[in-house]
Amino acid sequence: MKILVTGAAGFIGSHLSKFLLNRGDLVFGIDNLNDYYDVSLKKSRLNFLKSKHFNFEQVSLEDKLSINKIFENNHFDAVVNLAAQAGVRYSITNPTAYIDSNIVGFLNILEACRHNKIEHLIYASSSSVYGINGAQPFSVSDNVDHPISLYAATKKSNELMAHTYSHLYDLPTTGLRFFTVYGPWGRPDMALFLFTKAILNEEPIQVFNNGKMRRDFTYIDDIVYGLLKVIDTPALPDSEWNNMKPDPATSPAPYRIFNIGNNDPVELNTFIHEIEKATGKKAIKDFQPIQPGDVPATFANIDALYEYTGFKPNTSISKGIESFVNWYKDFYKIQ
């Protein structure tokens, strides 16, 4: 297959691109290489993707002319849209960046898919869309109309926009609600990266909600495994969909929404303990209240994804954190 991966220099995008290349696909990657976090890390990810089967272009999703040109000059079988402005807290202080990338940029991708007869669009949504929902585990059949960050609101908007294009233009779209992805080459603004760096340097870490936060931490290889299965299983119309009792995760159009998580939430204090074990050092904890935009717990019901693709994660939190710490020490040359 020839696949476009947006956000190819990002954490998930680079891992997915590598797996696609390893299985023999042709990959065209795009990324704007913005400075939201260390650009050199993004460039290092691109270095491990060097291959005669990998092409890369630096471009932003908001650049409609460039996006259209890329689509017109290539004949993609599928598009995986992982490019977005990420981060819950950053969306509170820099809301415009989220509208530009996550709304305007996503519209440009939808339009390009529509006009170039793309067979399947897969795009990143987020567990953040569940907002202040209390019932757990979170189900894709739940109502998600109460986001508590602009980031979450843009991801919910992506799902609505995708459904419109699936309905109007018969464009198969699949949205994946990612649950706290972690692992080697991860984002420096995420807890695992921040905590590992601080603990190794014997510096204090900020522990929000007194360490009582619970997250459905999901290892990157499990995420990519699920992505590959979804790429190969295009969304189909739900023949049993009932407009009197509408299921928000399916449609009479070729549209699907799935949770992709570990289905096993872990308390933040336990997460920190595993980092301590992997680094051989104790954390200096600075306990803080929960932050604006954060939710106290996430827990993915992945039954729908399992039934549709057979996806099942298999990486323990202990093994996953150990793999990250080993990568971190190697990448930053720490003995």
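1. Let's start with G134, which sits in the loop between strand 5 and helix 6 (150–169). Please keep in mind throughout that this is a predicted model. Is G134 buried or exposed? Its relative accessibility is 64%, and exposed means over 50%, so G134 counts as exposed. A pair you may like to look up in the coordinates is G134 and V295: they are 161 residues apart along the chain, and their C-alpha atoms are separated by 9.9 Å.

2. Now to the sheet. Seven strands make up an open sheet with parallel pairing, and their order is 3-2-1-4-5-6-11. Strand 3 (54–58) and strand 11 (255–260) are at the edges; each has a single partner strand, so one side of each lacks a neighbour in the sheet. From one strand to the next, the twist averages 20°.

3. Two of the pairings can be followed residue by residue. Strand 1 pairs with strand 2 in the parallel sense over five bridges, and L4 stands opposite F28 in strand 2. Strand 4 (residues 78–81) and strand 5 (residues 121–126) also run parallel, joined by three bridges. There, V79 has L121 of strand 5 as its bridge partner. As a reminder, the strands of a sheet pair through backbone hydrogen bonds.

4. Why can strand 1 be called largely enclosed by the rest of the structure? Four of its five residues are buried, and that is why the description fits.

5. Next, the helices that pack on these strands. Helix 3 (residues 64–73) packs on the sheet and touches strand 1 (2–6), strand 2 (26–31), strand 3 and strand 4. The direction of helix 3 makes about 175° with that of strand 2. Helix 5 (residues 95–115) lies across strand 1, strand 4 and strand 5, and runs at about 160° to strand 5.

6. Helix 5 also packs with helix 6, at an angle of about 15° and with the axes 10 Å apart. That angle makes the two helices roughly parallel, since the cut-off for this is under 35 degrees. The crossing is right-handed. Helix 5 contributes P95, Y98, I99, N102, I103, F106, L107, L110, E111 and R114 to the contact, while helix 6 contributes L150, Y151, T154, S157, N158, M161, A162, Y165 and Y169. By type, the residues of this contact are 13 nonpolar, four polar and two charged.

7. What angle do helix 7 (residues 191–200) and helix 11 (residues 317–331) make where they pack? The angle is about 60°, and the axes are 11 Å apart; the two helices are therefore oblique to each other. Their crossing is right-handed. On the helix 7 side the contact involves L192, F193, T196, K197 and L200, and on the helix 11 side I321, F324, V325, W327, Y328 and K329. These residues divide into eight nonpolar, one polar and two charged.

8. One last residue to check is N269, in helix 9 (residues 268–279). Its relative accessible area is 18%, and buried means under 20%, so N269 is buried. Which residues does N269 contact, leaving aside its neighbours within four places in sequence? They are V207, N210, G211, K212, K285 and F287.

Definitions and conventions. Residues numbered from 1 in each chain as written. Predicted model: local features only at pLDDT ≥ 70, side-chain atom pairs only at ≥ 80, totals over all residues. Heavy atoms only, no water. Pairing = 2+ DSSP bridges. Axes fitted to C-alpha atoms, helices over the stretch in contact; angles between N-to-C directions. Contact = heavy atoms within 4.5 Å. Parallel < 35°, antiparallel > 145°, perpendicular 65-115°, else oblique. Left-handed = near helix turned anticlockwise from the far one by under 90°. Nonpolar A, V, L, I, M, F, W, Y, C, P; charged D, E, K, R; others polar. Buried < 20%, exposed > 50% of the residue type's maximum accessible area, 1.4 Å probe, protein only.
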